[in-house]
Amino acid sequence: MKIKSFVEDHFKVNTIEIEIELVPGLPGIKILGQPEQLIRDSQFRIVSALHHLGFELPESHQVIVNLKPMRGIKKSQGLDLPIALGLLHLSHQLPIPESFLSKELWIYGSLSLNGEVSSYGLDDKVFYKRRNGVFLTGPGNPNLFADQYVLKTLVDVTEPCRQEKSSVKNENWRRPEPTPFFWNTEQAQLLSLIGLGEHSCFLGGLPGSGKTSLARSLWSLLYDFKEEKRIEVQQLNRYYGRARGWRPFVEPHHSASVRAMIGGGSLVQPGAISQAHGGILFLDEFLEFHQLVIESLREPMETGRIQLYRGENYKSFPAEFILIATSNLCPCGYWMPARKSSQQRSCRCSSRKLRSYQERLSGPMMERFSLFYLLSDELDEGQITSQEILNKIIRARNFAERTRGQYEVNERVESSVLEKQLKGEFSDLKKECGTNYRRWVRWLKVSRSIADLEENPAIERHHFIEAYNWSFHSQDLLKARIH
Ligand SMILES: [Zn+2]
């Protein structure tokens, strides 16, 4: 006979088919199809439960259980019930009602040693929509199927209790309150650009220049997800053992190891970048992170995933995050190229230390940031509220959706698509990027965000001029200083 059920696959649940047959041989249960220890142990729980309820393993027959698809190691807490009900049915000890067998039959539940059924490992967010078929499971599961029945013990299968529909709730998913700051025009435009385009951003500046509050304020300015993406992020985070009420904001310390950042270990666990999937990865004091940790971000920043190997074990985790990095520009924190103000404290670092910092600031990793900006050292009080910035971002996002049918953020749109939106002559600007194609792509994407904030369907030359200031000006200044 064939029964459908579920196995765990990291942060999601996969469906499998369980084939059960009785073949002549010594009594016992043999499970094929790469079961993990938890599933292999189920034979002992089943034998004990059968014994407690007055049933027994089929005489002079072996129970062969085959989990399909065969490839891939399977892990599940819920295969006791389908196997036990299958073997009781086949050995005519406790037939499954015909009304269930005539439909697609799904069974999931674990057994205690005395035959009580319970369910762990499933939740309603596993499913984007309700499934068809009949589902037999233990108490406490959300309503996943239109036709769902609850068994407290194995014997309930002859007369199970129908589970009434419960509505699928949207767990308190809501945007945090925008921060109560007043921003100046420079800061406001920067927040709008990151919030709208979801561009990776390096923010440099003096202590107190507001770079950290700016980075933290971004969290509440992110656009809300579409349903499907939200479910993906919630599932992923449930796997990490935490509930998410909004898009993630993950802030690893600068002493974090490569493994803590990207994942790994003997069981190949995901790291901070995957916890930040769909949200912000905030790296404060970026230049204090180990060089190898910074380097390890390159692959996921390009591909939105991380692939981890451990011997023959290979795992891939999603890692699409907005990288926001902040840093001082020298160890003491008071160095700034082209400082406007002379009244404030000046840098006391040795020229050797200063040079080492500057070299890191203009290194290849820094070129991966779409926005590279040094906040001006003269703090002027602004008048723009976070809520006003959020409204502007939402307007611009709606504009992109309405006029271009674009649902992706600008950072993730193919450059060939954006190039078609150029209006005017750009060959000289493209030439300026030379062989550095990545620079051209970043320039293009940031320009698109600037145009969107203006609600301009075309990307024009003046958008590029502004984007240069946000993306390259500071870094070119630093490079010129070094060479
Ligand atoms: Zn200094």
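Analyst: A residue is buried if 20 or more other C-beta atoms, placed from the backbone, lie within 10 Å of its own (exposed: 12 or fewer; partly exposed: in between). This is a predicted model: local features need pLDDT of at least 70, side-chain atom pairs count only at 80 or more, and totals for chains, interfaces and linings use all residues. Numbering starts from 1 along each chain as its sequence is written.

User: Is helix 5 mostly covered or mostly open?

Analyst: Helix 5 is mostly covered, with ten of its 13 residues buried. The buried set includes Q187 and A188. It also includes L190, L191, S192, L193, I194, G195, L196 and G197. Helices are DSSP runs (H or I, at least four residues), numbered from the N terminus.

User: What span does helix 5 reach?

Analyst: Helix 5 covers residues 185-197 and reaches 18 Å from first C-alpha to last, close to the 18 Å expected (1.5 Å times one less than the residue count). Just after helix 5, E198 takes a positive phi of about 55°.

User: How do I read packed helices?

Analyst: Two packed helices are described by the angle between their axes and the distance between the axes. Helix 2 (residues 42-52) and helix 3 (residues 80-90) pack at about 50°, axes 10 Å apart. Helix 2 and helix 3 are therefore oblique (not under 35 degrees, over 145, or 65 to 115). S42, R45, I46, A49 and L50 of helix 2 contact D80, I83 and A84 of helix 3 (C-beta atoms within 7 Å).

User: At what angle do helix 12 and helix 18 pack?

Analyst: Helix 12 (residues 351-361) and helix 18 (residues 473-482) pack at about 135°, with axes 9 Å apart. This pair is therefore oblique too. Q358, E359 and L361 in helix 12 meet L478, R481 and I482 in helix 18.

Technical notes: Helix = DSSP H or I, 4+ residues; strand = E, 2+ residues; numbered from the N terminus. Axes fitted to C-alpha atoms, helices over the stretch in contact; angles between N-to-C directions. Contact = placed C-beta atoms within 7 Å.
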